[in-house]
Amino acid sequence: MATVHSPELLIVMAPGSTGDEADHVIARLQEAGVDARVSVGREATVIAATGERELLATLPLEGYPGVAQVLPILKPYKLVAREVSADPTVIEVDGRRLGDTWFGLIAGPCSVETREQTLATARAVAAAGATMLRGGAFKPRTSPYTFQGLGVDALELLEEAKAETGLPIVTELMDPRHVEDVLDHADVIQIGARNSQNFLLLAEVGRAHKPVLLKRGLSTSVEELLMAAEYIAKEGNERIILCERGIKTFETSTRFTLDLGAVAVLKHETHLPVIVDPSHAAGRRDLVLPLARAAVAVGADGLIVETHPRPEEALSDGPQQIPTAEFGAFAAEVRELVALMGKQLG
Ligand code: PEP
Ligand code: MN
């Protein structure tokens, strides 16, 4: 059986070392049949080396000019591990930024239902300063007898909303058979909680040329979430946004338990941006703002929030959607807290 090597060593170049010195290290690695992945940061350049451990051990990497340190990557996740990237990853979509000092405010309906509802929501969230528009076209519903989403028709409505507001589109992909349709219309591909460990789907979006918003599964540990992200990164797509959206616990007073501790851990473990979905975690609109405040304070890089012009008529997740009429006030408060954290809306 073929062995699949993972990055094993991190070569950290000294501050002040030159590009030629880094190139020299990379050339020596390549000559030895070792893959090199380079990350040039504000303060240092780091090179991750992938190859057989025994072979890597024979290379005199510490002796090459400009090399400060050679470290093993001990974690099971490699490409998404914090040490592998010199700086936090910033995801750029149509001039919008998310990550590092840029905070993403992604908002929109749970499901795309009608043209009027989609455009009204898009206008409201754009006016409030949201940075991207969310909306479900293919919906993962617990009951097969409830609204399943408008599919491709919804994707077209989202595209119309983008044409009018300029907001990039975030929408969920559930099935590899819909990859082409979703890629044609979406700017960011959402992988929902229920597909968080659908490894074939993860590999599929890993080969796509669009950023991926990867939600944590209902019963997925932080390490499992990072390994899921590794599946995407391994295929070449490292534009990944992680999302904490609440997990299953014994607690029933909220729909899920928002695990803000996981956000703090993720910020420590990975260079990828981490956002929070307070809507699905809470399950009720009165808790969305307090949870959003806490998410900003814990260091999240963004929020994804559900809002609907008339939540009482929504075909999915009505109780947790904020009326669009109230979204402006919500966004204004988020913006102030984001500034307190030394960040700004991207
Ligand atoms: C959604 O964002 O619409 C959604 C279904 O979320 P999750 O996958 O987190 O349940
Ligand atoms: Mn929803």
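Leaving aside its neighbours within four places in sequence, which residues is Tyr 231 in contact with? Keep that question in mind as you begin, and remember throughout that what you have open is a predicted model.

**Stop one: Tyr 231**

Select Tyr 231, which you will find in helix α7, a helix made up of residues 222–234. If you set aside the residues within four places of it in sequence, Tyr 231 is in contact with Phe 199, Leu 202 and Ala 203. Now add Val 205 to the selection: 26 residues separate Tyr 231 and Val 205 in sequence, and their C-alpha atoms are 9.4 Å apart in space. Tyr 231 has a relative accessible area of 38%, and because buried means under 20% and exposed means over 50%, Tyr 231 counts as partly exposed.

**Stop two: Gln 69**

Move next to Gln 69, which is found in strand β4, residues 67–72. With residues up to four places away in sequence not counted, Gln 69 touches Leu 10, Ile 11 and Val 12. Of these, choose Ile 11 and look at the distance between C-alpha atoms, which is 6.0 Å from Gln 69 although the two residues are 58 residues apart along the chain. Gln 69 counts as partly exposed because its relative accessibility is 41%.

**Stop three: two aspartates with positive phi**

Select Asp 94, in the loop between β5 (91–93) and β6 (96–98), and check its backbone angle phi, which is near 50°, a positive value in a residue other than glycine. Then go to Asp 100, whose place is in the loop between β6 and β7, and where phi is near 60°, again a positive value in a residue other than glycine. The relative accessibility of Asp 100 is 21%, so Asp 100 counts as partly exposed.

**Stop four: Ser 111 and the manganese ion**

Follow the chain to Ser 111, in the loop that runs between β7 (102–108) and α3 (115–127). Is Ser 111 buried or exposed? Its relative accessibility is 0%, and therefore Ser 111 counts as buried. Apart from neighbours within four places in sequence, the residues in contact with Ser 111 are Gln 117, Gly 136, Lys 139, Phe 147 and Ser 316.

Now select the manganese ion, ligand 2, together with its protein donors, which are Cys 110 through SG, His 280 through NE2, Glu 306 through OE and Asp 317 through OD, at 2.0 to 2.4 Å from the ion. Along the sequence, these donor residues follow the spacing C-x169-H-x25-E-x10-D. Cys 110, in the loop between β7 and α3, and Glu 306, in strand β14 (residues 302–308), form a pair that links distant parts of the chain, being 196 residues apart. Both Cys 110 and Glu 306 are buried.

**Stop five: ligand 1**

Finish at ligand 1 by showing the residues around it, which are Arg 134, Lys 139, Pro 140, Glu 172, Gln 190, Gly 192, Ala 193, Arg 194, Lys 215, Arg 245, His 280 and Glu 306. Sorted by class, this shell has 2 nonpolar, 3 polar and 7 charged residues. Look at the oxygen atoms of ligand 1: one lies 2.8 Å from an N or O atom in the side chain of Arg 194, while a polar side-chain atom of Lys 215 is 2.9 Å from an oxygen atom of the ligand, and an N or O atom in the side chain of Arg 245 is 2.7 Å from an oxygen atom of ligand 1. Ligand 1 exposes 300 Å² when taken alone, and the protein buries 96% of that.

Definitions and conventions
Residues numbered from 1 in each chain as written. Chains lettered and ligands numbered in written order. Predicted model: local features only at pLDDT ≥ 70, side-chain atom pairs only at ≥ 80, totals over all residues. Heavy atoms only, no water. Helix = DSSP H or I, 4+ residues; strand = E, 2+ residues; numbered from the N terminus. Buried < 20%, exposed > 50% of the residue type's maximum accessible area, 1.4 Å probe, protein only. Contact = heavy atoms within 4.5 Å. Near = heavy atom within 4 Å. Polar contact = N/O pair within 3.5 Å; in protein donor to acceptor, adjacent residues only side chain to side chain. Areas by Shrake-Rupley, 256 points an atom, 1.4 Å probe, with all protein chains shown as cover. Nonpolar A, V, L, I, M, F, W, Y, C, P; charged D, E, K, R; others polar. Donors = N, O, S within 2.8 Å, 3.2 Å for Na, K, Ca; no water.
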